[in-house]
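Work through these short exercises with the structure open. Try each task before you read its solution.

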Amino acid sequence: MKPHVTYQQLKTLPGPAELPLAEQPTPAHRKDLCCVLVMTILGTVLVAALLIHTLVLPFRGSVSVGSWVAVPYLDNSCSDPCRVVLVESIPEGLTYDDNSTVSPSTFEAWLRLLGDARHSVDIAAFYWTLRNEDTHTQDPSAGQGEEVLAELLKLAGRGVATRIAVNPPSARLPSNDLQALEDSGAQIRKVDLPKLTTGVLHTKFWIVDETHIYLGSANMDWRALTQVKELGVAVYNCSCLAQDLGKMFEVYWALGLPNATIPSPWPERFSTTYNKERPLELTLNGSKAGVYLSSAPPRLCATGRTEDLQSLLSVIDGAEEFVYVAVMSYLPTMEFSHPKRFWPVIDDHLRKAAYERAVHVRLLVGCWRHSKAVMFPFLRSLAAMQDNRTHYSVEVRLFVVPANETQAKIPYARVNHNKYMVTDKVAYIGTSNWSGDYFLHTAGSALVVNQSHVEPSSQPTMRDQLQAVFERDWNSRYSQDLSLLGKGEDLCGAR
């Protein structure tokens, strides 16, 4: 209801002492004036409340009230009994000491997700090569990938709708698996991100029945199960999180249409209320957690979605004791840019954490034949901050996956492909390598879990588990001090 007297008009009304005697208000007049004042105040409060709801609170839907739009307050808590499991692929021939941390395998997690599927499976992936056709090595370890593909091919016959968003195939990354899946009844959309953002669809996640998810470093590649070291997370019985990840999948799905363009802004149905400012509050394995999903590049982030780079930087900036990073490739550059471009954004935040807050930084980088030689001077520069006089604590090590003569012949294998970070407060599991292109142009995603307020208990949190995995690898025989390389990168066979 619109007040009859506005606030500005009310300020100019003469008070009783200013009125001529004949016009002095009677008790009845005073009552009317009080009513006007009350109505005016109530109207002002209502307008202010509506403006706060409309302009400040994130929302999915709205309710019309006259000519106003009232936005309901949304509860960011989730009552689902969410269960989270860290999963890994440990390459054949890589063994740890007895009593080391052991995680379930990526292969086991994928088979379980497929076995549990009842009505839908959505997968976003860089490329598909689950059968041993691309390498021509006929390695028996390809059997796990072939088993996963066989289960995927059965989904349509079980009445399970399958959708796959994938980067456009190329000569190096063929589409034989995709053709077989399409023939079985799966829907395939090829997302032309090279055209849309000059990047690629590099993300790697699954959504099953809008209830269970997988997100991590593993590609849809048989080598990701037996010949490459991977880390990811499976979350079960968590529809609130799965449905939010579904909104990110719908972004890719929309961009897979012919002649698609990137809208600005994205329609409201793609928006989220869960982000680094307002995470989803849920219980993971019985422990309270604040959780959200971030996405890259910025142009693919709908309203409310935290950009992946901002997510990563905020995790570093929030650390008080330590930042441990495990990533295949670390370059403070635009890795694929021509001409060359320096991009020290992440590097600066790591240095700042060590210098200003005395945070202990450890960086464990993959080391293999495809490591770029330019990476090593940057790693040495970061490691040079370690100084006994200043007490800066920055350590850099290389993780080398061993290979026998047969394994060495498998192309694009035998590497630590992890892409995660753990601090004293937060676990961050992503799909991107750490160079500028991945965050500014290429599609990636990450799960961020904050359990900093959880009381210590006998049940380790997901953050605790991720720290244990990092420390296992850091202290293993496959972790080599950067200084051992000298100036020649023979250990990695870098080009």
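## Exercise 1: the sheet

Seven strands (DSSP runs of E, at least two residues, numbered from the N terminus) form an open sheet with mixed pairing, in the order β3-β11-β9-β8-β4-β6-β7. The model is predicted: local features need pLDDT of at least 70, side-chain atom pairs count only at pLDDT 80 or more, and totals for chains, interfaces and linings use all residues. Residues are numbered from 1 along each chain as its sequence is written, and side-chain values use heavy atoms, without hydrogens and water.

Task: find which strands stand at the edges.

Solution.
- Strands pair if DSSP finds at least two bridges between them.
- β3 (83-89) and β7 (187-190) each have a single partner strand, so one side of each lacks a neighbour in the sheet.
- Now look at the β7 edge: four bridges join β7 to β6 (residues 161-166), and the two run parallel.
- One bridge partner pair is Val166 with Lys190 in β7.

## Exercise 2: the pocket

Task: describe the lining of the second largest pocket by class.

Solution.
- A pocket is an open set of points on a 1 Å grid over the protein atoms alone, where a 1.4 Å probe fits, with protein on both sides within 12 Å along at least five of seven lines; lining residues have an atom within 4 Å of a point.
- The volume, the space filled by probe spheres set on the points, is about 340 Å³.
- Of 17 lining residues, those closest to the centre are Pro279, Gly290, Val426, Asn450 and Ser452.
- β13 gives the largest share, four residues.
- The classes are seven nonpolar (Ala, Val, Leu, Ile, Met, Phe, Trp, Tyr, Cys, Pro), three charged (Asp, Glu, Lys, Arg) and seven polar (the others, Gly among them).
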